[in-house]
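Please walk me through this structure, from the overall make-up of the chain to its helix contacts and a few single residues.

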Amino acid sequence: MNKDIKYFGIDISKSVFDVTDSGGNYYQFTNNEFGFKKFSKLLDITSHCVMEATGYYHYQLAYHLLESGIKVSVENPLSVKRFIQMGLSKIKTDKSDSKLICGYAEQVELKLWQGNSKEEIECLQIVRTLSVYTKQSTMLKNKLHGEAVLGNPSKLVVTSLKRSLRQLIKEMKMLEDKLLTLVKQSHQDLFTRLQTIPGIGRKTAIMLVVLTGGFDRFTSASELCSYTGLTPVIRQSGSSVKGRPRISKIGNQKLRNLLFMCSFNACKYNKACRDLYERLVAKGKSKKLALIAVCNKLLKQAFAIAKSGLIYDDTYRSTLVKN
């Protein structure tokens with residue numbers, strides 16, 4: 001804890017945000033520009049505001065503080081949750097949460113939040129919209145199948161569903177093309193190098209670039225694996241209770257699902273991944289667990305390539321060579 005810094009723990013919701021400072025003072029403000037300006041009057045050059053990444057709600061306040069020259073940290077909710085659980089607090093209110101976030105800020109090493117460029121923000125918005133459209137597309141396809149199963153489907157209904165599906169596919173294609181253009185503009189070299197990894201296709205390479213901020217958000221491969229939710233969770237108590245190891249699944253589900261699909265091809269064409277898979281299966285591990293290990297290997301290869309400026313090469317011991 002730096003005694004020269006005054007920390008402000010912020011718990012944000014849709015309508016309001018609650019604040020507790022290092023002195024134990026509590027405030028509540030509306031989550032809009034008026035509330036931001038009112039809160040800013042409490043801050044100076046020694047202030048450091050800390051909040052959780054809460055979906056969309058924290059962005060406007062975080063950018064307002066950043067543009068005002070105030071230090072901001074946007075923390076992983078899981079890290080804050082674990083800290084709160086360690087405090088064994090039985091009281092659960094917004095006021096207590098802001099107080100606990102402030103306590104968290106005083107005891108851990110914080111990383112300053114830098115925000116995203118306009119291009120990065122647009123890429124993230126496109127990815128989220130594509131996720132919504134993908135779900136809608138699946139629903140329409142299922143509905144079409146359901147109507148066909150009836151045996152005597154309404155022509156009007158089927159025509160309407162097909163028209164909606166065609167329009168949705170058209171919108172998705174337009175967004176995918178724009179996303180590819182943006183990624184090439186900002187990370188052409190990285191995007192190209194990632195695709196030299198056997199098993200990593202264009203779609204996964206795009207997602208890796210967008211969701212990791214060009215890998216700038218991570219300082220280690222293990223940190224990246226944790227973000228994706230591919231780290232193992234061991235369940236064991238004493239010598240009698242031993243649960244099967246499993247992945248945490250706390251992380252970016254979209255990236256995790258993409259990597260799992262990539263793992264099948266990686267087991268065929270990526271020597272390091274194939275050797276790992278065969279070694280684990282030979283030891284009696286389940287095929288699913290072996291595939292998850294392959295996902296981790298792919299992430300570590302991607303991280304190494306992103307940070308080193310090298311490309312993949314199966315013949316080289318470290319799997320990387322100069323580009």
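**Helices, their faces and their contacts**

The face of α1 that is turned away from its buried side carries Phe 34 and Lys 37, both exposed. The model described here is a predicted one. On the buried side of α1, which spans residues 33-40, are Gly 35, Phe 36 and Phe 39. Viewed down the axis of α1, these buried residues fall within an arc of 105°, so they line one face of the helix. The cover over the buried residues of α1 includes the strands β1 (6-12), β2 (16-21), β3 (26-30) and β4 (47-52), together with the helix α2 (59-67).

For the wider setting, the protein chain contains eleven helices and eleven strands. Of its 323 residues, 40% are buried. If contacts are restricted to pairs of residues at least 6 apart in sequence, 57% of them join residues at least 24 apart.

The helix α2, already named as part of the cover of α1, has buried residues of its own: Leu 61, Ala 62, Tyr 63, His 64 and Leu 65. Elements that cover them include β1, β2, α1, β4, β5 (71-75) and α5. After α2 comes Gly 69, which has a positive phi, near 85°.

A buried face can also be described for α3, residues 77-86, where Val 80, Phe 83 and Ile 84 are buried. Down the axis of α3, the buried residues fall within an arc of 100°, so they line one face of this helix.

The strand β4, part of the cover of both α1 and α2, contains Ser 47. Is Ser 47 buried or exposed? Ser 47 has a relative accessible area of 2%, and it is buried because the limit for that class is under 20%. Leaving aside residues up to four places away in sequence, Ser 47 touches Lys 6, Phe 8, Leu 42, Ile 70 and Lys 71. Asp 21 is 26 residues from Ser 47 in sequence, and their C-alpha atoms are 9.4 Å apart in space.

The next part concerns pairs of helices. Helix α5 (residues 118-149) and helix α7 (residues 202-211) have axes that come within 10 Å and cross at roughly 130°. How are α5 and α7 oriented to each other? They are oblique, because a crossing of roughly 130° is neither over 145 degrees, as roughly antiparallel requires, nor within the 65 to 115 range of roughly perpendicular. The crossing in which α5 passes α7 is left-handed. On the α5 side, Cys 123, Leu 124 and Val 127 take part, and they meet Met 207, Val 210 and Leu 211 in α7. By class, the residues of this contact between α5 and α7 are six nonpolar, no polar and no charged.

The loop between α7 and α8 (221-228) holds Phe 215. The phi of Phe 215 is near 70°, a positive value in a residue other than glycine. With 0% relative accessibility, Phe 215 counts as buried.

A second helix pair is formed by α10 (residues 271-282) and α11 (residues 287-308), whose axes come within 9 Å and cross at roughly 150°. Because that angle is over 145 degrees, α10 is roughly antiparallel to α11. Here α10 passes α11 in a right-handed crossing. From α10, the contact is made by Ala 272, Cys 273, Leu 276, Tyr 277, Leu 280 and Val 281. From α11, the contact is made by Lys 287, Ala 290, Leu 291, Ala 293, Val 294, Lys 297, Leu 298 and Gln 301. The residues in the contact of α10 with α11 divide into eleven nonpolar, one polar and two charged.

Lys 288 is also placed in α11. What is its exposure? Lys 288 has a relative accessible area of 54%, and it is exposed because the limit for that class is over 50%. Lys 288 and Tyr 277 are eleven residues apart along the chain, and their C-alpha atoms are separated by 9.8 Å.

Note on methods:
Residues numbered from 1 in each chain as written. Predicted model: local features only at pLDDT ≥ 70, side-chain atom pairs only at ≥ 80, totals over all residues. Heavy atoms only, no water. Axes fitted to C-alpha atoms, helices over the stretch in contact; angles between N-to-C directions. Helix = DSSP H or I, 4+ residues; strand = E, 2+ residues; numbered from the N terminus. Parallel < 35°, antiparallel > 145°, perpendicular 65-115°, else oblique. Left-handed = near helix turned anticlockwise from the far one by under 90°. Contact = heavy atoms within 4.5 Å. Nonpolar A, V, L, I, M, F, W, Y, C, P; charged D, E, K, R; others polar. Buried < 20%, exposed > 50% of the residue type's maximum accessible area, 1.4 Å probe, protein only. Arc of directions from axis to C-beta.
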